[in-house]
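Q: Could you take a close look at one part of this model for me? I'd like to hear about its pockets, starting with the runner-up.

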Amino acid sequence: MTQLTRRSVLAGAIAAGTATPLAPRSTAQAAAPAAGKQVPGVYRYKIGEFEVTSFNDGFAKVPKLDAMVVNQPLAEIEKAVEAAFIAKDDLRVPFNPLLVNTGKNLVLFDTGFGDNGSPTQGGLLANLAAAGVDPKSIDTVIISHFHPDHISGLRAKSGAANFPNAEIMVPAGEWKYWNDSSEIDKTLPAWKGAFANVKRVFDPIAKDVKQFEFGKELVPGITSVDARGHSPGHTAFVIASGNAKLMYIADVTNHPILFARNPEWRLWADMIPDQALATRRKLLDMAAADRLPITGYHYPFPAVGYIAKLGNGYDFVPANWNAAF
């Protein structure tokens with residue numbers, strides 16, 4: 001029996017390469033030019049009888065790692081990124097809205113940027129179209145929190161509603177905070193513009209927006225979970241059908257290679273850092289102990305999998321590809 005070793009594999013590859021000129025010259029060419037564009041960012045799977053679809057809205061490339069993680073030296077952050085086989089100058093944070101068809105409700109969690117973001121963002125509407133979903137058919141939009149990457153896609157730059165027939169449901173704590181003008185002077189400079197975005201998005205529909213508290217069933221099978229810390233009213237959700245459950249954790253960890261594996265690392269966007277850390281550990285401990293599948297807004301697409309304990313932190317284990325047919 002031939003023993004397969006790294007040396008024999010490399011030698012075989014070199015031999016194959018050097019043998020090519022001795023073979024008859026082929027005139028065949030590619031039948032079509034390279035597409036140059038990714039296929040639609042759509043992934044469907046089942047949770048019990050519910051059909052769940054992950055959509056990708058695009059990504060943001062992190063310009064400075066030590067501006068993203070604000071309590072660690074750059075060398076440590078670079079080490080974590082490269083350990084995940086990502087170039088230290090090419091970490092990309094995805095945006096992944098979630099659609100749940102319960103059989104009675106068609107529910108969208110968070111909305112991406114719409115046409116209000118950069119050229120690498122705003123893919124949700126195109127991906128909905130590719131998946132055969134008419135935005136007018138979505139009857140419920142549930143918002144986890146009011147950061148721009150979660151609410152901007154509710155309304156186009158022109159002012160038109162992107163989901164005109166949907167009831168908009170928001171955390172009461174978020175509504176109170178972001179509509180309180182006295183908070184503007186207290187917040188970090190990075191968030192001052194977000195108050196204006198909240199007004200742009202919600203003022204035209206303010207009287208119709210439905211506010212909810214933690215621990216409430218919002219539509220049958222979908223319950224809100226206290227996940228405060230990332231923002232004052234940040235909310236996660238348990239999606240349950242029969243004995244099957246999925247937890248949408250929104251921004252509890254941001255990118256998992258950084259903030260799940262290193263839960264004490266502080267994300268610049270965590271508005272109440274100590275509470276964000278406590279929430280992160282609480283929800284990830286729950287997911288790990290209960291073997292509960294999770295999906296995260298900033299997780300690598302299709303953003304669904306499991307949490308396992310890893311030393312003092314956690315590992316995100318992507319779920320086996322299990323597309324719904």
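**The second largest pocket**

A: In this predicted model, the second largest pocket comes out at a volume of about 440 Å³. Its lining is made up of 22 residues, and Ala60, Phe95, Asn254, Trp268 and Ala269 are the ones nearest the centre. Sorted by class, that lining has 14 nonpolar, 4 polar and 4 charged residues. As for which elements build the wall, E3, H2, E4, helix H5 (148-151) and helix H7 (189-202) each put in at least two residues.

Two of those names turn up again at the largest pocket, where strand E3 (58-61) and strand E4 (92-95) each supply at least two lining residues, as does helix H4 (124-130). H4 is the top contributor there, with 3 residues. The largest pocket has a volume of about 610 Å³ and is lined by 22 residues, with Gln38, Val39, Asn56, Gly58 and Phe59 lying nearest its centre. Its lining splits into 9 nonpolar, 10 polar and 3 charged residues.

Back to H2, since it has another job in the picture: helix H2 (65-68) is among the elements covering the buried residues of H3, and helix H8 (256-259) is another. Those buried residues of helix H3 (residues 74-83) are Ile77, Ala80 and Val81. They span an arc of only 100° around the axis, so they sit on the same side of H3. Flip to the other side of H3 and you find Ala75 and Lys79 exposed. After H3 comes Phe85, with a positive phi near 65°.

Notes:
Residues are numbered from 1 along each chain as its sequence is written. This is a predicted model: local features need pLDDT of at least 70, side-chain atom pairs count only at pLDDT 80 or more; totals for chains, interfaces and linings use all residues. Side-chain values use heavy atoms; hydrogens and water are left out. Buried means under 20% relative accessible area, exposed over 50%, partly exposed in between (1.4 Å probe, protein chains only). Helices (H or I, at least four residues) and strands (E, at least two) are DSSP runs, numbered from the N terminus. The arc is that of the directions from the helix axis to the C-beta atoms. Contact means heavy atoms within 4.5 Å. On a 1 Å grid over the protein atoms alone, a cavity is a set of points where a 1.4 Å probe fits but cannot get out, and a pocket is an open set with protein on both sides within 12 Å along at least five of seven lines; lining residues have an atom within 4 Å of a point. Grid points are joined across faces, edges and corners, and a volume is the space filled by probe spheres set on the points. Ala, Val, Leu, Ile, Met, Phe, Trp, Tyr, Cys and Pro count as nonpolar, Asp, Glu, Lys and Arg as charged, and the others, Gly among them, as polar.
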